[in-house]
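Welcome, and please take a look at the model below. The notes after it go through one residue and then the domains.

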Amino acid sequence: AAPLVIAVSTSISAKHGLLIRNRASFEGARNLNAVVFDKTGTLTKGEFEVTNIVPNEGYKEEEVLNWAASLEQNSEHPIATGIVKSAKDKKIKFKKITDFESIIGKGIQGIIDGKKVNVVSPGYVTSQNMGYDEQLFNEMSEEGKTVVFVLLDDKLAGMIALADIVRETAKEAIAALKENGIHSIMLTGDNKKVANWVAKQLDIDEVYAEVLPDKKADQVRKIKEKGWKVAMTGDGVNDAPALATADLGIAIGAGTDVAMETADIVLVKSNPKDVVSLIDLSRKTYRKMI
Ligand code: ADP
Ligand code: MG
């Protein structure tokens, strides 16, 4: 009777918004006791809106936004999309940039009018021992805003704060996992304060923040070594190695192709709650077979 059960579960899984790419992993999903989620684009919508532009002394708001947006036109990060949109809304005329480079997990760099311009993470600024308005930074971060720094020739020109939207369905997903006795974990490259704010909104059990892209898989490996049977859920290119490392890799349908090609299961509706349906479905399907 096994093939029949599997055939039925295929149509049921489609109904639940699941694209099962690896049936053996789906079978193993019934044994999971921990689920790791990437933050941006997975637990949140990944649709950033600029909320504050804070120029340093001697600079104007429009200048800071102009440099940042001109540079971000070359990036596909959700932060970039938010900054470019804000500049377009303000009808800012973009500047010509050359020598564009990504600084993986930390930001971007380029040359504008002969000057070096960077848009970078708080971690990058701290590692370069640059001073900034820590009180204002803390205030914005503690409200869950992602803050990036605009540098001009290695000097701080200003800060840009962006707000993302926490998915309502993410909250429901975490609550349902809890009911099923499954541990929830957040894994993000973003700042600790922002990560903690989002984790609190969602009642997530454990948080790993400021994890560089090439360290995400290592972190999943460490979680496995602690004895957890773990699924990793993510959307980004930088999540792919972690998806491959987990016992089960789950990609958000609205995410990048690389994530989807690496994952065992794709959440077609980009609804984190479908993680719970998937575990439930695996439990039901394979219980019937025994
Ligand atoms: P996430 O896990 O949130 O997808 P990433 O590893 O992509 O994080 O990025 C980590 C951090 O690096 C971001 O929170 C941001 O501070 C900085 N960063 C990455 N890309 C950009 C960019 N294009 N513009 C500005 N900052 C960036
Ligand atoms: Mg992401």
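Is Asp-274 buried or exposed? In this predicted model, Asp-274 counts as buried, because 25 C-beta neighbours lie inside 10 Å and 20 or more are enough for that label. Let's look at the setting of this residue, and then at how the two domains meet.

**Around Asp-274**
- Asp-274 belongs to helix α13, which covers residues 274-289.
- Leaving aside residues up to four places away in sequence, Asp-274 touches His-16, Gly-17 and Leu-18, along with Leu-267 and Lys-269.
- For a sense of distance, take Ala-87: 187 residues separate Ala-87 from Asp-274 in sequence, and the two are 36 Å apart in space, C-alpha to C-alpha.

**The two domains**
- The domain assignment splits the protein into domain 1, made of 2-45 + 166-289, and domain 2, made of 49-163.
- Taken over C-alpha atoms, the centres of domain 1 and domain 2 are 31 Å apart.
- Where the domains meet, domain 1 brings 12 residues to the contact and domain 2 brings 12 residues as well.

**The side of domain 1 that touches domain 2**
- Two helices, α3 (39-43) and α9 (192-202), each provide at least two residues of this side of domain 1.
- Of the elements here, α9 gives the most, with 4 residues.
- Sorted by class, this side of domain 1 holds 5 nonpolar, 4 polar and 3 charged residues.

Definitions and conventions:
Residues are numbered from 1 along each chain as its sequence is written. Chains are lettered from A and ligands numbered from 1 in the order in which they are written. This is a predicted model: local features need pLDDT of at least 70, side-chain atom pairs count only at pLDDT 80 or more; totals for chains, interfaces and linings use all residues. Domain bounds come from an automatic or database domain assignment. Two residues are in contact if their C-beta atoms, placed from the backbone, lie within 7 Å. Ala, Val, Leu, Ile, Met, Phe, Trp, Tyr, Cys and Pro count as nonpolar, Asp, Glu, Lys and Arg as charged, and the others, Gly among them, as polar. A residue is buried if 20 or more other C-beta atoms lie within 10 Å of its own, exposed if 12 or fewer, and partly exposed in between; C-beta atoms are placed from the backbone.
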